[in-house]
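Work through the exercises below with the structure open beside you, and try each task before reading its solution.

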Amino acid sequence: MAQNATPTTSAAVQPPAAASSVAATVLPEIPLVHAEAAAVNLPSAANAWGGERTGNEATLSDRVVSYRIDAELDAAKHAISAKQQMTWRNRSDRPIHSVYLHLYLNAFQNEQSTFFTERNVLTAHGSSRGRAALKKGQWGWIDLKQVRQGTASLKWSFVHPDGGPETDQTVVRIDLAEAVPAGGSLTLDIDFLSQLPRVVERTGYFGDFNLVGQWFPKIGVLELPGERGAGEVRWNVHEFHFNSEFYADFGSFDVHMTVPSDYTVGAVGEQQGEPVKGNGKTTYHFVQGDVHDFAWVAAKGYQTIDASYVGPGSPKVAVRVIYPPEYVATAQPVMKATLDSLAYFSRTLGAYPYHTVTAVVPPYNADEAGGMEYPTFFTAEGMSKIDPQTADQWEIDFVTIHEFGHGYFYGILASNEFEEPILDEGLNEYWDQRMLRERNQRFLVPATWMRRLGMTPSAYVFDMERMAAGLNRPVDPLGQNSWNRLSSSSYGSVYSRTATAMHDLEERLGKDVTERAFHEYYKRWRFRHPSVADLRAALIDVSGDAKNVNEIFDQYVFGTAKIDDRVSSIDNQEVLPLAGSTSKDGSRSELDPDQLDKQITKQRDDWKKAHPDAKPEGGGPFPWRGTVTVVRDGAQAPQLLRVKFADGSHEDVRWDDDRRWARFVFTKPTKIVSAELDPEQKINLDANKLNDSKTTKPNSAASRRWSADVGSLVQAFYALLGTL
């Protein structure tokens with residue numbers, strides 16, 4: 001797509017006729033981030049986003065925006081009428097004459113949105129969530145009723161920063177009656193109506209269940225020079241793409257929600273006091289600071305269970321699971337996985353800073369609402385029965401851990417999911433699997449009936465990621481943005497390919513070094529907005545190993561490298577005396593072939609007499625020269641080659657140069673019987689592990705190791721991935 005310095009606009013949308021509009025003065029535009037923005041390769045300035053948070057500040061984050069919202073749910077219509085007062089601080093050194101808001105729900109108002117337009121293309125050649133068809137009466141949208149700055153009613157127009165269809169209405173520009181001075185604040189009063197769609201992706205309703213996400217007008221991010229690669233003041237707003245998620249400033253939320261009194265409510269943040277009841281309705285009040293989004297659930301007849309977490313550096317955390325009666329079996333497993341996640345992420349990255357975590361289990365037929373994250377609030381998976389010895393238990397655990405983990409990578413670190421999904425979906429997937437690896441929890445495939453038949457294949461979690469990573473033909477760099485991809489499957493590979501790349505980097509740097517580096521990354525960038533370049537800088541600074549870090553980033557984050565190293569051949573040759581003329585001490589002698597044959601025969605006979613029980617491959621009077629040839633069909637990776645000999649010994653050699661092929665020669669008493677690259681299975685990025693080894697006799701061990709139950713594992717994994 002072409003770079004957009006100035007957004008395209010559709011015709012201005014007038015506020016209601018009764019309101020008097022004040023036209024904004026037309027002045028030079030602050031540019032928008034271009035449509036092809038992706039992985040940043042220049043580290044952010046030290047003072048980006050106000051500099052590293054020390055913990056001594058008055059608030060956890062540098063709060064840029066605050067929202068006060070009064071909302072009421074019409075349960076029959078699944079619609080929310082609301083009044084919002086938004087106060088935003090201009091961090092830049094110049095006056096701001098227009099601001100940009102996200103109206104995410106408009107992605108679901110018709111099939112002419114960017115979301116649906118891209119869905120038609122991306123799912124034609126790849127699987128994905130979000131493919132539900134909406135019928136009459138099931139569409140969703142946000143209608144702005146009025147936007148006021150003080151007493152002035154403002155005009156607005158829809159813009160298309162990424163060159164999407166003119167019919168998309170997910171980004172709106174508000175022209176101000178009075179500019180916001182440098183360092184000054186803007187207050188907008190916004191009346192709006194949000195119509196939830198039938199659950200299609202991440203938000204919506206089903207029956208009496210309402211997941212209220214992406215539901216309020218949210219201001220875009222004004223980035224300053226030195227922040228995420230910005231060279232000038234710029235607005236970072238993108239349309240709601242099919243594969244993209246979100247990016248927003250930290251701030252505070254003060255939200256009142258009025259719902260029918262027989263509905264259960266959960267939300268981002270802490271409930272303030274007891275709900276207020278009257279006329280069959282109940283009003284709940286939730287407050288949360290130092291977050292960048294707000295979502296809530298209202299569902300009839302739902303139940304709750306509660307627990308608490310206490311850990312070093314964290315406040316006492318109230319943990320709640322909200323679930324429908326049909327999924328009561330899921331409630332306790334989700335609770336346990338949440339508590340375990342609190343402990344693991346707090347220990348390995350940093351102490352959990354909030355007072356609450358709420359997990360919501362969606363009802364039957366609302367799977368698309370599952371597996372979604374918001375700060376302090378996420379949705380999990382639901383099952384009516386869980387067999388703990390099958391994939392049931394693994395899936396409940398993994399999805400819960402994954403969605404909780406987003407609270408760190410999407411929530412506290414607050415990376416830009418539009419442009420750098422690797423920093424959230426990818427890194428979170430990697431850290432989730434580290435947690436499962438620490439618990440020795442393997443990926444279990446079979447259903448109960450398979451287990452009863454004795455069919456119990458399982459997989460090491462990082463082997464599972466490897467199989468789903470699309471390593472043979474990576475078409476998009478991991479650092480590419482979320483929407484400019486060949487297919488939804490290519491976007492989906494961000495999860496597994498990032499986890500695999502980070503696994504291999506960990507093998508190079510060491511487990512402890514890697515964990516220290518991620519802890520430092522979290523410490524530096526919590527409550528700010530890091531880029532890929534900032535992650536790379538933290539890894540290099542802590543490990544001191546720029547070569548390996550840069551190699552992984554250059555090949556996989558910024559490139560589409562493929563690794564495929566193979567053992568090409570094994571050749572054994574007996575080292576025999578050779579015919580010919582030689583000179584020694586001034587005299588020359590000659591050994592003719594007939595004499596040589598007699599000498600060799602005699603030595604063989606003498607050796608057999610001295611070793612009557614020796615096996616044919618067990619040696620002889622002459623040594624063996626073995627040659628192993630290895631070939632590189634892709635990018636360079638440091639390899640260990642293990643060569644085994646007939647006497648049971650082995651020798652390891654390193655192949656860590658940039659040669660496209662290499663020969664390693666060994667002179668030993670016995671023959672080479674096998675050669676294997678990566679015998680310790682540290683290089684999961686290798687696209688074809690079946691050619692990593694070769695033997696002088698037929699041996700299917702490698703094939704069995706890497707291909708057993710591959711089909712069932714991949715099928716089960718992709719089914720799971722589609723839910724996240």
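The exercises that follow concern a predicted model, and they deal with one residue and then with enclosed spaces.

**Exercise 1.** Find Glu201 and decide whether Glu201 is buried or exposed.

*Solution.* Begin with the place of Glu201 in the chain, which is the loop between β8 (185-195) and β9 (204-206). Next, take the relative accessible area of Glu201, which is 2%, and set it beside the cut-off, since buried means under 20%. Glu201 is therefore buried. Finally, look at the side chain of Glu201, which makes a polar contact with the side chain of Arg202 at 3.4 Å.

**Exercise 2.** State how many cavities of 30 Å³ or more there are, and describe the lining of the largest cavity by class.

*Solution.* The count comes to 3 cavities of 30 Å³ or more, and the largest cavity has a volume of about 90 Å³. Its lining includes Trp49, Arg53, Asp62 and His529. Sorting the lining residues of the largest cavity by class gives 4 nonpolar, 1 polar and 5 charged.

**Exercise 3.** Determine which element gives the most residues to the lining of the second largest cavity.

*Solution.* The second largest cavity holds about 50 Å³ of space, and among the residues that line it are Tyr352, Phe377, Glu403 and Gly407. The elements giving two or more residues to this lining are β24 (377-379) and α3 (391-412). Of the elements, α3 gives the most, with 3 residues. As a last step, divide the lining of the second largest cavity by class, which yields 6 nonpolar, 2 polar and 1 charged residues.

Note on methods:
Residues numbered from 1 in each chain as written. Predicted model: local features only at pLDDT ≥ 70, side-chain atom pairs only at ≥ 80, totals over all residues. Heavy atoms only, no water. Helix = DSSP H or I, 4+ residues; strand = E, 2+ residues; numbered from the N terminus. Buried < 20%, exposed > 50% of the residue type's maximum accessible area, 1.4 Å probe, protein only. Polar contact = N/O pair within 3.5 Å; in protein donor to acceptor, adjacent residues only side chain to side chain. 1 Å grid on protein atoms, 1.4 Å probe; cavity = no way out; pocket = protein on both sides within 12 Å on 5 of 7 lines; lining within 4 Å. Points joined across faces, edges and corners; volume = space filled by probe spheres on them. Nonpolar A, V, L, I, M, F, W, Y, C, P; charged D, E, K, R; others polar.
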